[in-house]
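Hello,

Here is the structure we spoke about handing over. Please look it over before reading the notes underneath.

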Amino acid sequence: MIKESIRHIEEWANPRTVVVVTLLLVGTLWLALMVSVVSDRDESIATTGGILQRMTHAVEEQTRQQFRVADTFLASCEHWLQANPGLDPRTDKTFRQLIEAFRAGTGQSIDIYLLASDGRMFDILDPAQGPLANVADRDYFKNALNRPGLFVGSPMRKPLADHDGLPISLSLRRPVDDIQVLLAVIDLPTLTRSYEKQRLQPGGAITLLRRDGTVLARAPHDDRLPGHSMAGEALFSKHLGQQPQALVLPEASPGTQAREFISYSSMPDFPLVIMVSEDYDEALAAWLRQTAWVILLGLGVTLPLAVITYRSLRLLQALASQDAELQRLTTTDLLTGCSSRQHFFETLAEEVARARRRQAPLTVALFDIDFFQRINDGYGHAIGDQALILFANTAKEGLRDRDLLGRLGGGEFALVLPNTEARGAVLVAERVRTAIPGISIPSDNGTVQFTVSVGVSEVQAGDTSIDDLLKRAATALHNAKAGGYDRVAVV
């Protein structure tokens with residue numbers, strides 16, 4: 001025996017073996033580092049996507065409130081005008097007070113104008129009370145005449161101001177004293193400043209677009225963009241037609257300098273699209289810095305490891321203690337950390353024998369992840385492995401030291417509960433079953449959620465072996481699936 005051990009050590013303690021083992025260790029190290037780098041990158045992308053989507057929702061709600069205020073006041077003005085057809089809104093004091101109160105209530109961020117049927121624009125708060133301009137050729141005037149409801153026009157230069165506004169027009173059902181269209185103009189700098197406070201710094205952007213692709217507002221502000229059309233870009237030509245809201249990473253277009261993460265949402269109640277973006281390089285800057293440190297760490301470990309391994313052949317003698325590690329590997333499922341199939345059956349046989357000697361109850365629960373093969377086929381084995389790990393972690397919560405969870409294969413697990421009757425085991429099984437749907441696994445094809453079916457059976461006096469117990473548990477599991485899955489059955 002001693003000679004055999006010495007020969008075994010000598011086989012390992014030779015230069016060729018040392019080099020091979022060192023290369024394997026170094027390769028494994030760098031593989032692990034690369035896996036970590038890729039995993040961290042995916043996590044950074046997922047984090048950025050979550051931030052952008054939450055920001056998109058917040059900006060959408062804020063913008064919706066702004067447009068609802070304008071919509072409500074235009075409707076109120078129309079109601080007043082239709083109720084007072086004999087009054088000239090350009091000179092009526094009551095209507096003027098209504099407009100003044102509204103402007104004050106919005107902090108002067110929304111102005112109201114009257115448009116005659118020939119396109120003349122009037123501001124009833126203007127002391128001169130003359131036409132400010134003729135806008136018959138503007139899109140917000142022409143579209144208001146040709147279609148019912150609100151129309152959001154391209155950004156316009158506000159009358160008597162040195163900055164732009166966002167026009168929202170509404171055609172009257174019946175003209176009043178030659179007034180055909182009501183026009184609300186949202187102050188564009190005010191809207192842009194609110195977006196500026198929320199965008200990701202320094203490379204993020206928030207853009208408000210009309211559903212036809214026309215840029216209405218953007219932070220950071222760029223004088224060239226308002227009124228520009230993005231209808232030909234991938235967001236409108238590809239993504240928006242398929243999903244009203246999503247997170248995308250379009251490929252860099254020719255002539256552009258960088259890629260961007262883009263979260264967008266099309267409003268169902270207004271012809272508007274909110275787009276929140278973040279520069280790709282900015283979003284992954286922290287990951288790049290971390291990757292540099294990981295590479296330095298790998299180099300710092302690899303070089304000393306090569307030297308120490310080659311010059312310290314005596315360390316290989318520690319391989320004689322591998323029996324203990326091999327024992328652990330034979331009793332543990334490497335993926336989930338649960339008991340292995342063989343170890344579980346051996347332990348179950350011992351527990352059944354002990355329960356009979358002590359005349360104590362013992363129950364077995366079989367768990368099977370519902371449609372586990374579909375998860376592997378539809379999302380990949382990596383997602384399937386995550387499902388197995390997360391199930392095992394969830395099932396282990398609250399178990400006693402003597403309880404043993406084992407993986408039998410595929411998506412099937414078994415739980416032995418010593419000193420536990422069937423009704424107590426059902427409570428444990430229900431706790432696990434109701435917790436499983438709360439597991440969410442993000443993937444490239446969407447979030448993966450799943451359920452589990454459970455079969456429970458208690459040791460009976462007539463059992464001749466553990467096979468009888470397991471057959472009843474398997475029958476109970478079959479009944480749970482036949483009953484519609486995601487349930488616990490007892491036999």
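The notes below cover a sheet, a helix that lies across it, and the cavities. Please keep in mind that this is a predicted model.

The sheet

The sheet is open and has five strands, in the order β14-β15-β13-β16-β17, and the pairing in it is mixed. At its edges stand β14 (404-409) and β17 (488-490); each has a single partner strand, so one side of each lacks a neighbour in the sheet. From one strand to the next, the twist averages 20°.

Starting from the β14 edge, the partner strand is β15 (residues 412-418), and the two pair in the antiparallel sense over five bridges. One residue pair to look up here is Leu 405, whose bridge partner in β15 is Leu 415.

Further along, β13 and β16 are also paired in the antiparallel sense, over seven bridges. In this pairing Leu 366 stands opposite Gly 455 of β16. On the way to the other edge, β16 and β17 pair in the parallel sense, with three bridges. Gly 455 appears again in this pairing, where its bridge partner in β17 is Ala 489. Gly 455 can therefore be followed to both neighbours of β16: it faces Leu 366 and is bridged to Ala 489.

How enclosed is β16 by the rest of the structure? Of its seven residues, six are buried, meaning under 20% relative accessible area, so the strand is largely enclosed.

The helix across the sheet

Helix α13 (residues 422-435) lies across four of the strands: β13 (362-369), β15, β16 (452-458) and β17. The helix runs at about 170° to β16.

The cavities

How many cavities of 30 Å³ or more does the structure hold? There are two. The largest has a volume of about 50 Å³.

Which residues line the largest cavity? They are Glu 351, Arg 354, Ala 355, Arg 358, Ala 360, Arg 402, Pro 418 and Asn 419. By type, the lining divides into four charged residues, three nonpolar and one polar. Helix α10 (residues 341-358) gives the most to this lining, with four residues. Pro 418, one of the lining residues, falls within the range of β15, residues 412-418.

If you want a place to begin, the residues named above can be picked out in the model directly.

Regards

Note on methods:
Residues numbered from 1 in each chain as written. Predicted model: local features only at pLDDT ≥ 70, side-chain atom pairs only at ≥ 80, totals over all residues. Heavy atoms only, no water. Pairing = 2+ DSSP bridges. Axes fitted to C-alpha atoms, helices over the stretch in contact; angles between N-to-C directions. Contact = heavy atoms within 4.5 Å. 1 Å grid on protein atoms, 1.4 Å probe; cavity = no way out; pocket = protein on both sides within 12 Å on 5 of 7 lines; lining within 4 Å. Points joined across faces, edges and corners; volume = space filled by probe spheres on them. Nonpolar A, V, L, I, M, F, W, Y, C, P; charged D, E, K, R; others polar. Buried < 20%, exposed > 50% of the residue type's maximum accessible area, 1.4 Å probe, protein only.
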